[in-house]
Amino acid sequence: MKILVINGPNLNMLGTREKEIYGDESYGELVAFIKVTAKKEGVKVKVVQYNCEGKIVTAIQRARGRYDGIIINAGAYTHTSIAILDALRAAEVHAAEVHLSDIYSREEYRRHSYISEYAFASFVGKGKEGYAEALRALKKGAVSR
């Protein structure tokens, strides 16, 4: 099984930005955690991070036929990007949504997720463990698409 993990804007700043929300682990530590978890689960992963919406859309489009699943943390684009939602629908790759913080208990403008309109499940407010849960859910085939 091959899973593409897509991280959106500002996740590369983990460990230095808003530590009270995102903690003090670096982005590199998050990537290492995802890769170790994938190896334990017997799953191949590719982890990418883009600050640009168009690059995220392109990555999703290219996943079609190449990956069995996508784990996506679109960052702030979660709340604004119909383009990312449309790319997920067009790519027809099973997707799980992840957010390190609980977006539903934060600012009002963060409480709507376009990604959740496509993703079979959302893992929010669990820190890096949300990625592990999403990976295991994709592996188990907890998808009804």
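This is a short talk on the sheet, two of the helices and some salt bridges in this structure.

Good morning, everyone. A word first: this is a predicted model.

Let's start with the sheet. It is open and has five strands. The order is E2-E1-E3-E4-E5, and the pairing is parallel. Which strands stand at the edges? E2, residues 44–49, and E5 do. Each has a single partner strand, so one side of each has no neighbour in the sheet. From one strand to the next, the twist averages 20 degrees.

Now the helices on that sheet. H2 packs on it and touches E1, residues 2–7, as well as E2. The direction of H2 makes about 165 degrees with that of E2. H5 also packs on the sheet. What does H5 touch? The strands are E1, E2, E3, E4 and E5. Against E3, residues 69–73, the direction of H5 makes about 160 degrees.

Next, the E5 edge. Strand E4 covers residues 95–99 and runs parallel to E5. Four bridges join E4 to E5. Look at who faces whom. Valine 98 is opposite phenylalanine 123 of E5. Glutamate 97 is opposite serine 122, also in E5.

Stay on E5 for its side chains. They alternate along the strand. Ala121 and Phe123 point to one face, and they are buried. Ser122 and Val124 point to the other face and are not buried.

On to the salt bridges. How many does a search of the whole structure find? Six. I will show some of them.

Take glutamate 25 with lysine 128. Their closest N and O atoms are 3.3 Å apart. This pair links distant parts of the chain, 103 residues apart. Glutamate 25 sits in the loop between H1, residues 19–22, and H2, residues 27–41. Lysine 128 sits in the loop between E5, residues 121–124, and H5, residues 129–140. Buried or exposed? Partly exposed, in both cases: glutamate 25 has a relative accessible area of 33%, and lysine 128 has 30%.

Next, glutamate 133 and lysine 126 form a salt bridge, with 2.7 Å between the closest N and O atoms. Glutamate 133 is partly exposed, at 23% relative accessibility. Lysine 126 is partly exposed too, at 40%.

Last pair: glutamate 129 and arginine 136. Their side chains meet in a salt bridge, 2.7 Å from N to O. Glutamate 129 is partly exposed, with a relative accessible area of 32%. For arginine 136, also partly exposed, the value is 27%.

That's the tour. Thank you.

Technical notes. Residues are numbered from 1 along each chain as its sequence is written. This is a predicted model: local features need pLDDT of at least 70, side-chain atom pairs count only at pLDDT 80 or more; totals for chains, interfaces and linings use all residues. Side-chain values use heavy atoms; hydrogens and water are left out. A salt bridge is a side-chain nitrogen of Lys or Arg within 4 Å of a carboxyl oxygen of Asp or Glu. Helices (H or I, at least four residues) and strands (E, at least two) are DSSP runs, numbered from the N terminus. Buried means under 20% relative accessible area, exposed over 50%, partly exposed in between (1.4 Å probe, protein chains only). Two strands pair if DSSP finds at least two bridges between them. Axes are lines fitted to C-alpha atoms, for helices over the stretch in contact, and angles run from 0 to 180 degrees between N-to-C directions. Contact means heavy atoms within 4.5 Å.
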